[in-house]
Each structure stands twice: as C-alpha cells, then as structure tokens.
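Let's take a relaxed walk through a protein model, one question at a time. Have a look at the picture before reading on.

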Amino acid sequence: MSGIRYLLFDLDDTLYTNASGLFTEVGQRIEAWIAATLALPIDEAKTLRRRWFVDYGTAMSGLVKEHPELDVDAYLDHVHDIDVSRYLAPNPALAEMLQALPAPKAVFTNSIGSWAEKVTRQLGIRDCFEAIYDVRAVGYRSKPDPYAFTWVLERLGLPEPAVVMLDDQVSYLAGATAVGMRTVLVRKGAQAVDGIEYQVDGILEAGPLLRRLLGAA
C-alpha cells in the first residue's frame with residue numbers, strides 16, 4: 001500500500017451535489033438570516049453573503065470577522081434547520097464505493113456536526129466514516145484556514161502526505177495543499193490548479209482514483 005493512510009471528504013456539493021436543490025435552500029436561509037438580523041434588504045444580504053464568501057471563504061467566517069457581537073451558533077442552527085429527506089435519497093452506489101476503499105475515512109465540513117449526521121444518514125453512508133470534523137470543532141475557523149486542516153491532522157496523528165482531502169472548492173483545497181495534504185478536486189469540468197493534484201467530475205469517479213492511490217487498484 002502507498003503512504004496514504006486516511007481519506008477526508010468534504011460534505012456539501014461533494015458527497016452530494018446541488019442538483020438536489022438542498023444547498024439552494026441553505027443559501028436562501030443564510031440570506032434571510034443576514035437580512036433579518038442586520039436589517040438589510042434581501043438584495044443587500046445576497047451581495048454581502050457573496051462578498052463574505054470571496055473575502056473569507058464562508059459567510060459564517062465573514063459574520064464572525066465583521067460582526068463578532070452576533071450569535072454565530074444561532075446563525076448556524078438556523079441555516080441548517082432543514083428536513084434533508086425532502087431533497088436526498090439513499091445512494092447505494094456511493095456507499096459501495098466508500099466501503100470498498102481500504103482506508104479509514106472521515107467527513108471534514110464547514111457545516112455543523114448535526115447537519116453532517118443527518119445528511120450522511122439520509123444518503124445511507126454514515127457508517128462509512130469513523131468521524132465527523134465540523135466547524136464548531138475547529139473553533140469556527142473554517143476551511144480554507146490552514147488552522148482547520150492542522151487541527152484535523154493533529155487529531156489523526158498522521159503526517160500531512162498520508163492524508164487525502166476531497167473537496168469541491170479550489171480555495172479550500174489550496175488550504176489543504178498549504179499544510180501538505182494530498183488533494184482531489186471534485187467538480188465537473190474543473191481544472192486541477194494551484195497545486196491541487198487530481199480532479200474528478202463527481203464523487204463516484206473518485207473511487208478508482210483513490211483505489212490507485214491506496215495501491216488497491
């Protein structure tokens with residue numbers, strides 16, 4: 001087997017895609033919370049959400065940086081208060097792919113743990129992961145902050161090149177690259193840039209690649 005010993009998977013738009021419509025509702029709830037809490041018209045809330053994503057990586061990080069007086073936990077609980085069964089169904093093919101990978105796996109998400117729990121359970125893949133690392137666990141310092149990646153690596157007790165991070169965001173993977181992790185971009189038609197090693201069009205296409213990297217092809 002190669003030197004790779006652990007696989008980290010992003011959740012939203014990686015283990016499922018926004019074709020489901022789920023993350024569209026999350027986005028609407030983000031914008032509604034910003035508008036209501038900051039007393040802004042919804043168009044201004046949408047603009048602010050986009051700026052925070054560009055400047056800080058997530059809307060939550062922008063909220064923490066620019067409005068530390070506000071309750072970030074109230075924000076996180078509100079935007080993730082969704083019945084995911086209206087959007088997602090079990091994905092046996094994904095479960096089979098994950099189970100066939102001969103390495104331990106965890107979810108590493110900028111969302112909250114309860115969200116990751118209900119999404120992975122609805123997809124039928126929760127048992128494929130030995131842990132979930134969420135944004136609260138890393139002290140609200142979300143990807144692409146290198147601190148978040150370093151925190152997870154310390155919990156795993158593994159050297160950086162032994163861990164592969166799969167994510168749909170180039171900027172987040174740049175953070176993983178910066179600390180020495182191996183990286184796979186999961187986004188249709190995208191290019192592996194900025195030091196990202198591999199690209200696949202969807203999570204199922206990652207299976208053969210990961211098996212090769214693990215020396216199990």
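Here come some questions and answers about this model.

This is a predicted model, where local features need pLDDT of at least 70, side-chain atom pairs count only at pLDDT 80 or more, and totals for chains, interfaces and linings use all residues. Residues are numbered from 1 along each chain as its sequence is written, and side-chain values use heavy atoms, with hydrogens and water left out.

Q: Which residues have the most contacts inside the largest nonpolar core?
A: A nonpolar core is a set of buried Ala, Val, Leu, Ile, Met, Phe, Trp, Tyr and Cys residues joined through side-chain atoms within 4.5 Å; buried means under 20% relative accessible area, exposed over 50%, and partly exposed in between (1.4 Å probe, protein chains only). In soluble globular proteins, nonpolar side chains tend to be buried together. Here the largest such core has 52 residues, and the ones with the most contacts inside it are Phe-9 and Trp-115.

Q: Which helix gives the most to this core?
A: Helices (H or I, at least four residues) and strands (E, at least two) are DSSP runs, numbered from the N terminus. The core we just met has 52 residues. With six residues, its top contributor is H1.

Q: How many residues are in the other core?
A: This second core lies apart from the largest one. Ala-131, Val-179, Met-181 and Ile-196 are among its members. Its residue count is 24.

Q: At roughly what angle do the axes of H1 and H4 cross?
A: Axes are lines fitted to C-alpha atoms, for helices over the stretch in contact, and angles run from 0 to 180 degrees between N-to-C directions. The axes of H1 (22-38) and H4 (72-79) come within 9 Å. Their crossing angle is roughly 145°.

Q: How many nonpolar residues does the contact of H1 with H4 have?
A: Contact means heavy atoms within 4.5 Å, and H1 brings Val-26, Arg-29, Ile-30 and Trp-33 while H4 brings Ala-74, Tyr-75, His-78 and Val-79. For the classes, Ala, Val, Leu, Ile, Met, Phe, Trp, Tyr, Cys and Pro count as nonpolar, Asp, Glu, Lys and Arg as charged, and the others, Gly among them, as polar. Sorted that way, the contact has one charged residue, one polar residue and, for nonpolar, six.

Q: Is His-80 buried or exposed?
A: His-80 sits in the loop between H4 and helix H5 (92-99). Not counting residues up to four places away in sequence, it touches Ser-111, Ile-112, Trp-115 and Lys-118. Because its relative accessible area is 8%, His-80 is buried.

Q: Which residue has its backbone oxygen 2.8 Å from a polar atom of the His-80 side chain?
A: A polar contact is a pair of N or O atoms within 3.5 Å; within protein, one must be able to donate a hydrogen and the other to accept it, and residues adjacent in sequence count only if both atoms are side-chain atoms. At 2.8 Å from the His-80 side chain, the backbone oxygen belongs to Leu-76.

Q: What is the relative accessible area of Thr-120?
A: Thr-120 is part of helix H6 (residues 113-123). Leaving out residues up to four places away in sequence, it touches Leu-11, Val-107, Ile-125, Arg-126 and Phe-129. Thr-120 is buried, with a relative accessible area of 0%.

Q: How far apart in space are Val-170 and Val-193, C-alpha to C-alpha?
A: Val-170 belongs to helix H8 (residues 170-178), and Val-193 is one of its contacts beyond four places in sequence. The two are 23 residues apart in sequence, and their C-alpha atoms are separated in space by 7.7 Å.

Q: Which backbone nitrogen does the side chain of Asp-71 reach?
A: Asp-71 lies in the loop between H3 and H4, and it is partly exposed, with a relative accessible area of 45%. At 3.2 Å, its side chain reaches the backbone nitrogen of Ala-74.

Q: What is omega near for the peptide bond from Lys-143 to Pro-144?
A: Pro-144 is found in the loop between strand S3 (131-133) and helix H7 (146-156). The bond leading to it from Lys-143 is cis, with omega near 15°.
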